[in-house]
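Trainee: I would like to take a close look at one part of this protein, and I would be grateful for a connected account rather than a list.

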Amino acid sequence: MATASATLLKSSPVLDKSEWVKGQSIRQPSVSAVRGHPTAAPSALTIRASSYADELVKTAKTVASPGRGILAMDESNATCGKRLASIGLENTEANRQAYRTLLVSAPGLGQYISGSILFEETLYQSTTDGKKMVDVLVEQNIVPGIKVDKGLVPLPGSNQESWCQGLDGLASRSAAYYQQGARFAKWRTVVSIPNGPSALAVKEAAWGLARYAAITQDNGLVPIVEPEILLDGEHGIDRTFEVAQKVWAEVFYYLAENNVMFEGILLKPSMVTPGAECKEKATPQQVAEYTLKLLHRRIPPAVPGIMFLSGGQSEVEATLNLNAMNQSPNPWHVSFSYARALQNTCLKTWGGRPENVKAAQETLLVRAKANSLAQLGKYTGEGESEEAKKGMFVKGYVY
Ligand code: 13P
């Protein structure tokens with residue numbers, strides 16, 4: 001099983017056999033070993049680079065390559081079940097496998113997609129014709145990634161906010177995911193504007209993201225840092241901007257405290273928009289102006305890529321907003337890591353019918369290409385379907 005992956009990974013842009021073998025055999029002394037025991041280092045302030053440092057930079061750059069972005073297909077089994085229910089399918093392993101096979105094997109997907117985030121089940125799963133999903137991605141020149149958080153639970157002592165679980169056992173899970181072929185990770189936590197956000201919830205979100213980032217880097221995975229500021233609420237765009245400034249200030253404070261290497265991370269922010277229930281809507285130009293202002297104020301240029309989530313925007317809206325942000329050069333690669341805004345029309349077109357697989361793959365490619373053009377600032381919005389213009393916001397959405 002690992003052998004097939006290893007052979008394929010050899011030809012991948014980010015990996016070679018020696019790196020692959022390294023992941024399976026003897027581990028080098030790591031950053032955490034030095035961090036945890038200051039006496040082992042020449043000075044308590046000396047931080048040795050992770051044994052994976054060069055590879056992390058290479059992986060991050062590959063994912064953040066021009067005209068490409070991430071296909072997020074890491075819905076948990078429960079969320080995937082909701083997607084399947086929307087087209088009248090049962091939430092069985094076979095149905096999830098059929099849908100994910102359709103996605104990863106869309107011909108030529110790698111022209112527009114540089115990375116794909118998987119749920120654990122998919123990382124270890126085979127396609128319906130018996131190839132490992134991971135191998136199909138690598139053949140398509142797509143870097144496999146893995147959702148490593150364990151989901152959100154209520155945060156006691158807060159204003160009915162939540163915190164993200166998953167640090168326990170994360171080092172060993174990350175090492176196993178690396179062996180299975182994953183090269184980047186995702187951890188999604190959320191911040192709610194209508195519920196505060198309380199100082200406690202922001203601090204917890206930022207600290208959790210930073211610990212996660214340090215642990216995954218230590219095990220060869222590029223962390224995607226995702227503090228999603230939920231769309232829920234009636235607030236205007238200025239309030240979102242204010243909260244986003246606070247959240248990103250804390251996230252970078254704790255990333256630095258945890259000695260995370262900024263060149264080896266990717267970010268997954270929400271765009272700065274008005275709340276979903278706000279009466280005043282914002283144009284793509286306004287969203288771009290606010291979001292870029294936020295990024296310039298808070299994100300160091302050492303970070304290679306900003307891969308936005310879609311958060312309930314319609315497919316077309318998410319593409320238009322991304323395009324508006326790429327009308328002039330940015331210090332970072334500004335791209336997409338969409339789930340709903342890449343998959344919605346594709347899922348509906350498929351409808352669970354084998355005879356629709358080809359048409360569904362074509363719709364996925366249409367969206368992937370549109371976002372690829374938007375990454376290059378060249379999307380025109382012509383010829384989009386009505387389905388692609390439908391918003392997907394769900395109040396209190398859980399991913
Ligand atoms: P959406 O693009 O549907 O908001 O998903 C984002 C996400 O975190 C999936 O990895």
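How many helices and strands does the protein have, and what surrounds the ligand?

Mentor: Please keep in mind that this is a predicted model. The protein has 15 helices and 10 strands, and of its 399 residues 59% count as buried. Among contacts with a separation of 6 or more, 80% join residues that stand 24 or more positions apart.

Turning to the ligand, 14 residues surround it, and the closest are Lys186, Glu226, Ser310, Gly311 and Arg340. This shell divides into 6 nonpolar, 2 polar and 6 charged residues. On the polar side of the picture, an oxygen atom of the ligand lies 2.5 Å from an N or O atom in the side chain of Lys186, while for the side chain of Asp74 the corresponding distance from a ligand oxygen to an N or O atom is 2.9 Å. The backbone takes part as well, with a polar backbone atom of Ala339 placed 2.9 Å from an oxygen atom of the ligand. Taken alone the ligand exposes 310 Å², and the protein buries 100% of that.

A residue that also deserves attention is Ser65, which sits in the loop between helix H4 (53-63) and strand E1 (69-73). Ser65 counts as buried because its relative accessibility is 15%, with the cut-off for that class set at under 20%. Its side chain makes a polar contact of 3.1 Å with the side chain of Arg68, and, leaving aside neighbours within four places in sequence, Ser65 is in contact with Ser114 and His333.

Methods:
Residues numbered from 1 in each chain as written. Predicted model: local features only at pLDDT ≥ 70, side-chain atom pairs only at ≥ 80, totals over all residues. Heavy atoms only, no water. Helix = DSSP H or I, 4+ residues; strand = E, 2+ residues; numbered from the N terminus. Buried < 20%, exposed > 50% of the residue type's maximum accessible area, 1.4 Å probe, protein only. Polar contact = N/O pair within 3.5 Å; in protein donor to acceptor, adjacent residues only side chain to side chain. Contact = heavy atoms within 4.5 Å. Near = heavy atom within 4 Å. Areas by Shrake-Rupley, 256 points an atom, 1.4 Å probe, with all protein chains shown as cover. Nonpolar A, V, L, I, M, F, W, Y, C, P; charged D, E, K, R; others polar.
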